[in-house]
Amino acid sequence: MDKEKSIQLIKDLSNVRGISSFEDEVTALFKDTVKDAGIVSEDHMRNIFVKHPANDGKRPVVELDAHSDEVGFMIRAIKPNGQMMFVNVGGWATVTIPAQKVKVRNRDGEWISGIVSSTPPHFMTAEEKTRLPKPEELSIDVGASSADEIIDIYGIEVGAPVVPDVTCEYNDKTGLFLGKAFDNRIGTALLASTMNDLASEKLDVDIIAGLSSQEEVGDRGAEVVVRKIKPDLAIVFEGAPADDTVMPNYLIQSGLRKGPMLRDFDSTIVTNPHFQRFALDIATKNNIPVQRSVRTGGGQDGAIINRYNGAPTIVISVPVRYAHTPYCFIAFEDYQNALALAKKIIKALNADVLEKF
Ligand SMILES: [Zn+2]
């Protein structure tokens, strides 16, 4: 895919809206993007499967994973004054939520603009000014003054999905995107581009892409996808939180523009060291910059895939500055390097290589 098209795809994937289980806009865009890359199917959980056209069922099966959902919110209750209580869907720090612009999907599928309401300083007590609001003190306001208005005029009901209202920008000079949901729409872009670029390649393995739903609420889509694909090997594409604004130099493991991050350890997986070494050696041989990370927390779909039947699994992540907040930065060069590395790895895989892992 040429540069212009790749940039447009990343922008489009950032802009589509889909919290866990409401990924329809994301899956529609993904399916359209990979329509010529193989046999595409979808299940009722909104998991998408793409089978490489040359799969023969006799070779090792490589699962390529990314998740399609983003962190957001859901309307929990409508108060008599038209303010709406909500719950977090996925992990949020409360400090990043108040006063953000959001979109709420109504029963007709329209996205209504609103804000996370906060008390103006004029009405705050001295104590309130010094502390964060508690999550239960926050609500979403679309400008209504009564519950009837919310239901009858705005068409919003309990259970409505909510996402940050952010439009993705690309800066040609810096090569940076500023937008929402790069965790994990950048992984979604990598998954689509890998399948598209390899569609007419002769490989020594069968590859099946699984775009999994509901990662942000506990890897639920991946649990179903792995049972359907039954992989012998897996590569997970992620948008991992960048640490270069919060860590001292010697602890930076996912800095912007420093290349894709290959995870050695997090709280859910110890990466198969043989597969990890194989991937790192391919990066070195091809002059692709990579970063390694040993995390003290975190987790992703790879753990679920790895535990299903022990398939060696690596995680290739693009660093995302300010993941799980409304506004994030990613670098196009990190995406390009992640894509180049993934394709080199897949092309080098065969039954003998797998045997050694
Ligand atoms: Zn996430």
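Two strands count as paired if DSSP finds at least two bridges between them. With that in hand, here is a friendly tour of this predicted model. In it, Leu262 has Ile316 in strand 16 as its bridge partner. The tour takes in the sheet, the helices that lie on it, and three residues that UniProt lists, in an unreviewed entry, under "binding site": His67, Asp183 and Glu238.

**The sheet**

- Strand 14 (residues 261–265) pairs with strand 16 (residues 313–320) in the antiparallel sense, over two bridges.
- Both strands belong to an open sheet of eight strands, which runs in the order 1-2-12-3-13-16-14-15 with mixed pairing.
- Strand 1 (39–42) and strand 15 (291–294) are at the edges; each has a single partner strand, so one side of each is left without a neighbour in the sheet.
- From one strand to the next, the twist averages 25 degrees.

**Helices on the sheet**

- Helix 5 lies across five strands: strand 2 (48–51), strand 3 (61–67), strand 12 (206–212), strand 13 and strand 16.
- The direction of helix 5 is at about 140 degrees to strand 13.
- Helix 6 (residues 220–229) also packs on the sheet, where it touches strand 2, strand 3 and strand 12.
- Helix 6 makes an angle of about 160 degrees with the direction of strand 12.

**The listed binding-site residues**

- The UniProt entry behind the "binding site" listing of His67, Asp183 and Glu238 is unreviewed.
- These residues are spread over 172 residues of sequence, yet they cluster in space, with a largest C-alpha distance of 8.5 Å.
- From this set, Asp183 is part of the lining of the largest cavity.

**A closer look at Asp183**

- Asp183 is in helix 5, which spans residues 182–198.
- Its relative accessibility is 10%, and because buried means under 20%, Asp183 counts as buried.
- Leaving aside neighbours within four places in sequence, Asp183 is in contact with residues including His67, Asp69, Glu70 and Glu238.
- Other contacts of Asp183 include Glu216, Gly239, Val320 and His324.

**A closer look at Glu238**

- Glu238 lies in strand 13, which covers residues 233–241.
- Glu238 has a relative accessibility of 7%, so it counts as buried.
- Beyond its neighbours within four places in sequence, Glu238 is in contact with both His67 and Asp183; among its other contacts are Asn184, Ile186, Gly187 and Gln300.
- Ile316, the bridge partner of Leu262, is also in contact with Glu238.
- The side chains of Glu238 and His67 make a polar contact at 3.3 Å.

Note on methods
Residues numbered from 1 in each chain as written. Predicted model: local features only at pLDDT ≥ 70, side-chain atom pairs only at ≥ 80, totals over all residues. Heavy atoms only, no water. UniProt positions renumbered as here; feature names shortened; annotations may be inferred. 1 Å grid on protein atoms, 1.4 Å probe; cavity = no way out; pocket = protein on both sides within 12 Å on 5 of 7 lines; lining within 4 Å. Helix = DSSP H or I, 4+ residues; strand = E, 2+ residues; numbered from the N terminus. Buried < 20%, exposed > 50% of the residue type's maximum accessible area, 1.4 Å probe, protein only. Contact = heavy atoms within 4.5 Å. Polar contact = N/O pair within 3.5 Å; in protein donor to acceptor, adjacent residues only side chain to side chain. Axes fitted to C-alpha atoms, helices over the stretch in contact; angles between N-to-C directions.
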